Structures are given as C-alpha cells and as structure tokens.
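Colleague: Please choose one part of this model, the site that holds the ligands, and describe it closely. I should like one connected account.

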Amino acid sequence: MNHLQSAVVPQLYLLTNDDEFERLYQKLEAALATGLVGLLQVRRKKTAALPDGTATLLAEAKQIVELARRYQVPVVINDDSALAAKLGVGVHLGQQDGKMVDAKRQISPDQIIGRTCHGQVALVKEAKQQGADYAAMGAVFASTTKPKADTISYQQLKEGCQQGIDICVIGGLSAENVGALAGLPIKYVAVVGDIMDLPIAQIAPRCQQWQQAFAKWHAAAGDVKV
Ligand SMILES: Cc1ncc(COP(=O)(O)OP(=O)(O)O)c(N)n1
Ligand SMILES: Cc1ncsc1CCOP(=O)(O)O
Ligand SMILES: [Mg+2]
C-alpha cells in the first residue's frame with residue numbers, strides 16, 4: 001500500500017574532478033564556502049592511476065578532508081576503503097570496488113558508506129541489506145565525466161526510491177535538469193561537471209543556482225507518494 005512521505009529536499013553531493021590540485025582546491029573552497037554542499041567525494045581517477053598514485057592521493061585527500069572539516073561537511077573517498085579508514089572518513093564503493101562487509105569492518109560506524117547500484121533495484125536491495133548508507137543510481141542523464149555510463153529509466157529510479165534506503169542520483173545532472181526528478185524522495189544529488197568543470201569564479205554562483213533548483217523542487221514536490 002502507498003503511504004505519504006513528507007517531501008525532503010535533496011542535499012548537494014559534490015564530487016571532485018581531475019583538475020590540477022591547486023585549481024581543484026580553490027574550486028572546492030568556493031563551493032564549500034556557499035554552505036550548500038552537504039557531502040563531498042574525493043574522486044581523483046587520474047591521480048589514483050599515477051605511478052605514485054597512492055602517496056599523491058593521500059596527500060591530496062588529507063588537504064581536502066581538512067578543508068571540508070572547516071565547513072563541517074562530511075567526506076567520502078571514492079573506491080579506496082583503506083585510504084578512507086586512514087583518514088577517518090567515509091567511502092563510496094562501486095560493484096567492482098570490493099565487498100561491503102570488508103569496508104564496514106574498516107570504516108568507523110559513524111562514517112558514510114555508499115554503493116553504486118546503477119539502475120538495478122536488486123542491487124539497491126542488496127546495498128540496504130549489506131548496510132550501505134545510500135544507494136547510488138545512475139546515470140540519470142548522459143554524463144560527460146563518465147561517457148560510458150548507461151542511463152537508467154525513471155521507473156527504475158522510482159522503484160529504487162521505494163526500497164527503504166537513502167537514494168543518491170548521479171550522472172549528467174544540472175541545475176536545469178534536476179527538476180525532472182522533483183517528487184522523488186532523493187537524499188543526495190551527486191554532481192561533478194555541472195559545478196566542477198566551471199572556472200573558479202563561476203563555482204559559487206552555480207551553487208546558488210543549485211539552491212534555487214532545490215527550492216523549486218520543494219515547491220513542486222509537496223507530499224509525495226512512495
Ligand atoms: C555517488 C557516486 N555514485 C556512483 C559512483 C560511481 O562509482 P563506480 O561505479 O565505482 O565508478 P567510479 O566512480 O569509480 O568510476 C560514484 N563514484 N559516486
Ligand atoms: C561517477 C559517475 N557514475 C555514474 S555517472 C558518473 C559521473 C557523474 O559526473 P557528472 O555529474 O559530470 O555527469
Ligand atoms: Mg569505483
């Protein structure tokens with residue numbers, strides 16, 4: 001039976017891009033200073049692939065975690081639960097990034113663990129059963145950051161939202177198109193390119209546009225049936 005659930009405005013979940021670190025740091029500072037980022041992910045694919053990737057990623061992630069702490073924004077490390085454990089932060093694991101049970105053992109229980117579930121409701125159920133804090137569904141729209149990611153249907157997303165675990169949407173999302181999801185009880189909207197691929201001076205104004213999009217979301221959503 002359907003029940004009514006109060007519409008919750010999602011949080012902006014910002015993911016880093018592969019910018020040169022100094023530039024990235026300035027962008028993150030600009031975004032965090034707006035107060036609109038609810039969760040931050042360190043996703044540094046190019047750094048991680050360098051010959052000295054582990055050491056460089058550790059040095060970068062330390063600085064990002066320190067910066068985020070200043071703004072009291074929780075941090076999640078992509079792919080690497082050992083690094084997350086070392087830094088005392090959360091982790092995001094794709095289906096090929098290791099077992100949830102191992103990550104749960106490594107990560108402090110008060111830290112966030114997220115799991116990629118693509119468009120598959122069975123994976124959302126599994127993530128919930130394995131104790132993930134959120135299930136990430138996407139790509140919602142075609143993504144320039146991850147062009148090979150398959151897009152999911154609205155129906156898959158709607159069903160994912162009915163599984164009793166927080167849902168994060170990702171992939172091709174912009175302040176203009178996110179309104180298409182208004183009415184779904186989504187916890188996090190994960191964004192890379194729409195914010196991070198802009199010049200430094202445009203980061204804060206773009207975050208403000210996201211805030212406006214979420215304000216409209218609230219107005220559009222009212223009470224949603226789940
Ligand atoms: C919030 C969020 N959702 C999905 C992903 C993708 O994770 P994965 O499938 O492991 O792909 P990579 O990011 O590792 O390329 C994510 N990182 N964050
Ligand atoms: C990591 C990831 N997983 C699915 S799409 C995607 C990239 C999201 O980046 P963007 O917001 O630029 O589409
Ligand atoms: Mg991964």
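Modeller: A residue counts as near a molecule or strand if one of its heavy atoms lies within 4 Å of it. The structure is a predicted model, in which local features need pLDDT of at least 70 and side-chain atom pairs count only at pLDDT 80 or more, while totals for chains, interfaces and linings use all residues. Residues are numbered from 1 along each chain as its sequence is written, chains are lettered from A and ligands numbered from 1 in the order in which they are written, and side-chain values use heavy atoms, with hydrogens and water left out.

I begin with ligand 1. It has 16 residues around it, and R43, K45, D97, T116 and K146 come nearest. Three strands contribute to this shell with at least two residues each: β2 (11-15), β7 (134-138) and β8 (166-170). Strands here are DSSP runs of E with at least two residues, helices are runs of H or I with at least four, and numbering starts at the N terminus.

Three side chains make polar contacts with ligand 1, a polar contact being a pair of N or O atoms within 3.5 Å. K45 places a side-chain N or O atom 2.7 Å from an oxygen atom of ligand 1. For T116, the corresponding distance from the side chain to an oxygen atom of ligand 1 is 2.9 Å. Q41 meets a nitrogen atom of the ligand instead, with an N or O atom of its side chain 3.0 Å away. On its own, ligand 1 exposes 420 Å², and the protein buries 89% of that area; the areas follow the Shrake-Rupley method with a 1.4 Å probe.

D97, one of the residues nearest to ligand 1, also takes part in the metal site. Together with D79 it coordinates the magnesium ion (ligand 3), each through OD, at 2.0 to 2.1 Å. D79 comes from the loop between β4 (75-78) and α4 (81-87), and D97 from the loop between β5 (90-93) and α5 (100-106), so the ion's two partners tie together parts that are 18 residues apart in sequence. Donors to a metal are N, O and S atoms within 2.8 Å (3.2 Å for Na, K and Ca), and because water is not among the atoms, a site may look incomplete. D79 is partly exposed, at a relative accessible area of 25%. D97 is likewise partly exposed, with 25%. On this scale, buried means under 20% relative accessible area and exposed over 50%, with partly exposed in between (1.4 Å probe, protein chains only).

Ligand 2 has a shell made up of R43, S143, T145, K146, I170, G171, G172, V191, V192 and G193. R43 and K146 appear in this list and are also among the residues that come nearest to ligand 1. The side chain of T145 brings an N or O atom to 2.4 Å from an oxygen atom of ligand 2. The backbone contributes as well: an N or O atom of G172 lies 2.7 Å from an oxygen atom of the ligand, and one of V192 lies 3.0 Å from such an atom. Taken alone, ligand 2 exposes 370 Å², of which the protein buries 90%.

Some loop features complete the account. After β2, which supplies residues to the shell of ligand 1, comes N17, in the loop between β2 and α1 (21-33). N17 is buried, with a relative accessible area of 8%. Its side chain reaches the backbone nitrogen of D19 at 3.0 Å. The side chain of N17 also makes a polar contact of 3.0 Å with the side chain of D197. Beyond β7, which likewise supplies shell residues for ligand 1, a cis peptide bond joins G138 and A139, with omega about 10 degrees. A139 belongs to the loop between β7 and α7 (154-160).

Strand β6 (residues 113-118) holds H118. H118 has a positive phi, near 50 degrees, although it is a residue other than glycine, and it counts as partly exposed at 36% relative accessibility. I112 is found in the loop between α5 and β6; at 17% relative accessibility, I112 counts as buried.

Technical notes:
A polar contact is a pair of N or O atoms within 3.5 Å; within protein, one must be able to donate a hydrogen and the other to accept it, and residues adjacent in sequence count only if both atoms are side-chain atoms.
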